[in-house]
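Happy to walk through this one with you. Let's take a few labels and ask what stands behind each of them.

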Amino acid sequence: MRTPHAAVTAPSVDTEGTMVSHPTPGGPTAEGQGADAQGAGGQGAGGHSVRTRSQHQRRKRIVQAAAALASRGGVEAMQMRTVAERAGVALGTLYRYFPSKMDLVVAVVGEEIDLLESSIERRPPSASTPAGRAVDVLMRATRGLMREPELADALIRSLILAEVETPFGDRMTGLLLRVSAAGLTRDQATEEQVALAGSLSSIWVQELLEMLRGRRTYDQIQRRIEIAADRLLTGIA
């Protein structure tokens, strides 16, 4: 529930698999409008590096504002004009960064995966088996996403129906390969290894949907993921 003049927050996964908050502006600001007047090619005192930093910060505000809206009303709440207002940017600026709502959804997902990967780098899975490490990562992601079920539902459903290329499946597959096979990358992995990790990622997404529909509990998901990981990842390293 927002309070007057309070910052809007967007959820992310922290090192314990829970959600943390990032403040975003509550509406257009003088700073945001001034930056938008310059546009993507605006010149700052520090030259190109200042422009790049300003663009990165503006893009981050947009993504955080979109996530905050989706966490409260699903993708339907991510109206482009509303996102622009929350982020404090002009509507034209928003479209320069994200030509469509689905491009914005993909960016929100990408940020969530960035945060998950960072948490894993700080606190790697400690299980002794490939399957155990993969389960650790997937259940950590589950705990984080389910802190904001509206956002999780919006993102997963939108990605399934997406008509644009999304990084979700490939990045989750790559992450599972790294944690289960001692740092193995997609480029180094065999076709079979990629297929096995990708299959486990797909099963996890389907289980999340079932949980969002009220057909699975957290414990049931964990058990089913453990069974799938044991079958798929034995010997993957």
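The questions below concern a predicted model.

Q: Why is Val-108 called buried?
A: Its relative accessible area is 1%, and buried means under 20%, so Val-108 earns the label. The residue sits in helix H5, which covers residues 101–122.

Q: Which residues does Val-108 touch, not counting those up to four places away in sequence?
A: They are Val-63, Ala-66, Ala-67, Leu-151 and Leu-155. Contact means heavy atoms within 4.5 Å. Leu-155 is 47 residues from Val-108 along the chain, with 8.1 Å between the two C-alpha atoms.

Q: What makes the largest nonpolar core a core, and which members touch the most others?
A: A nonpolar core is a set of buried residues of certain nonpolar types, joined through side-chain atoms within 4.5 Å. Here the set holds 61 residues, and those touching the most other members are Ile-62, Met-78, Val-83, Leu-94, Leu-104, Leu-200 and Trp-204. Elements giving two or more residues include helix H2 (48–73), H5 and helix H9 (191–212). H5 provides the largest share, 9 residues.

Q: Which residues does Leu-200 touch, again not counting those up to four places away in sequence?
A: Among them are Ala-134, Leu-138, Leu-176, Ile-225 and Leu-232. Leu-176 is also one of the buried residues of H8.

Q: How do you know that the span of H8 is close to the expected one?
A: H8 has 13 residues, and the expected span is 1.5 Å times one less than that number. This gives 18 Å, and H8 reaches 18 Å from its first C-alpha to its last. Just after H8, Ala-182 takes a positive phi of about 55°.

Terms used
Residues are numbered from 1 along each chain as its sequence is written. This is a predicted model: local features need pLDDT of at least 70, side-chain atom pairs count only at pLDDT 80 or more; totals for chains, interfaces and linings use all residues. Side-chain values use heavy atoms; hydrogens and water are left out. Helices (H or I, at least four residues) and strands (E, at least two) are DSSP runs, numbered from the N terminus. Buried means under 20% relative accessible area, exposed over 50%, partly exposed in between (1.4 Å probe, protein chains only).
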